[in-house]
Amino acid sequence: MNGPAVPPPFGPDGPPQTASAILALDLGTKTGWAVWLPDAGITSGVEIFRHDRWQGGGMRFLRFKQWLTDIKNAAGTLDAIFYEEVRRHMGVDASHAYGGWLAILTAWCEHHQIPYEGVPVGVIKRHVTGRGNASKGLVMQGVQKLGYQPGDDNEADALALLHWAIRHRTAGGGQ
């Protein structure tokens, strides 16, 4: 197995049988997100965590950590978080930044005792398009066929991941 070992998010009995909320994330400077609240449906968007020249490099990660807390508080609770697990990056800076987002996310989840799971990019693409190597455009089209109008590919990825999680990791979704 490549990459860091991540503890299994659920016990042998699987995910919580009555999920209150699931958050799906496409981690990055432009973080795509989608949250499912069983009583309220699905909400999604993009949150931008750029740094500027007047702030230290860690400020965007602190804003990301606070944003996670804000999402949790707005939802009431989060029973599981799924994130797009990236194995290849376009460059060293992207790789380092992804490692920062992932470190903050996993530490935050551990602190709040929220199960988390990384889902490989190819699995998400296959779920929404039928092809594990689908382009960003095909993923956008696949998400649009589900009835959503994502603002960009980051939001589309989060929506595709959320639909995968609902289908494969909730009691009512089946396997």
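Me: Why does arginine 60 count as buried or exposed, whichever it is?

Reply: Happy to help! Keep in mind that this is a predicted model. Buried means under 20% relative accessible area, and arginine 60 has 12% relative accessibility, so it counts as buried.

Me: Where is arginine 60, and what is it in contact with beyond its neighbours within four places in sequence?

Reply: Arginine 60 sits in helix α1, which covers residues 59-75. Its contacts, with those sequence neighbours left aside, are Thr29, Phe49, Arg50, His51, Ala97 and Trp101.

Me: What makes α3 and α4 oblique to each other?

Reply: Good one! Helix α3 (residues 121-129) and helix α4 (residues 136-145) pack at an angle of about 50 degrees. Angles under 35 degrees count as roughly parallel, and 65 to 115 as roughly perpendicular. The pair fits neither class, so α3 and α4 are called oblique. Their axes are 8 Å apart, and the crossing of α3 past α4 is left-handed.

Me: Which residues meet where α3 and α4 pack?

Reply: From α3 come Lys125, Val128 and Thr129. They meet Leu138, Val139, Gly142 and Val143 of α4.

Me: How do you know that α5 is largely enclosed by the rest of the structure?

Reply: Count its buried residues: 13 of the 17 are buried, so α5 is largely enclosed.

Me: What span does α5 have, and what is expected?

Reply: Helix α5 (residues 153-169) reaches 23 Å from its first C-alpha to its last, close to the expected 24 Å.

Me: What caps the N-terminal end of α5?

Reply: Aspartate 152 does, with a side-chain oxygen 2.9 Å from the backbone nitrogen of asparagine 154. A polar contact needs a pair of N or O atoms within 3.5 Å, and 2.9 Å is within that cut-off.

Notes: Residues are numbered from 1 along each chain as its sequence is written. This is a predicted model: local features need pLDDT of at least 70, side-chain atom pairs count only at pLDDT 80 or more; totals for chains, interfaces and linings use all residues. Side-chain values use heavy atoms; hydrogens and water are left out. Helices (H or I, at least four residues) and strands (E, at least two) are DSSP runs, numbered from the N terminus. The expected span of a helix is 1.5 Å times one less than its number of residues. Buried means under 20% relative accessible area, exposed over 50%, partly exposed in between (1.4 Å probe, protein chains only). A polar contact is a pair of N or O atoms within 3.5 Å; within protein, one must be able to donate a hydrogen and the other to accept it, and residues adjacent in sequence count only if both atoms are side-chain atoms. Axes are lines fitted to C-alpha atoms, for helices over the stretch in contact, and angles run from 0 to 180 degrees between N-to-C directions. Angles under 35 degrees count as roughly parallel, over 145 as roughly antiparallel, 65 to 115 as roughly perpendicular and the rest as oblique. A crossing is left-handed if the near helix is turned anticlockwise from the far one by less than a right angle, and right-handed if clockwise. Contact means heavy atoms within 4.5 Å.
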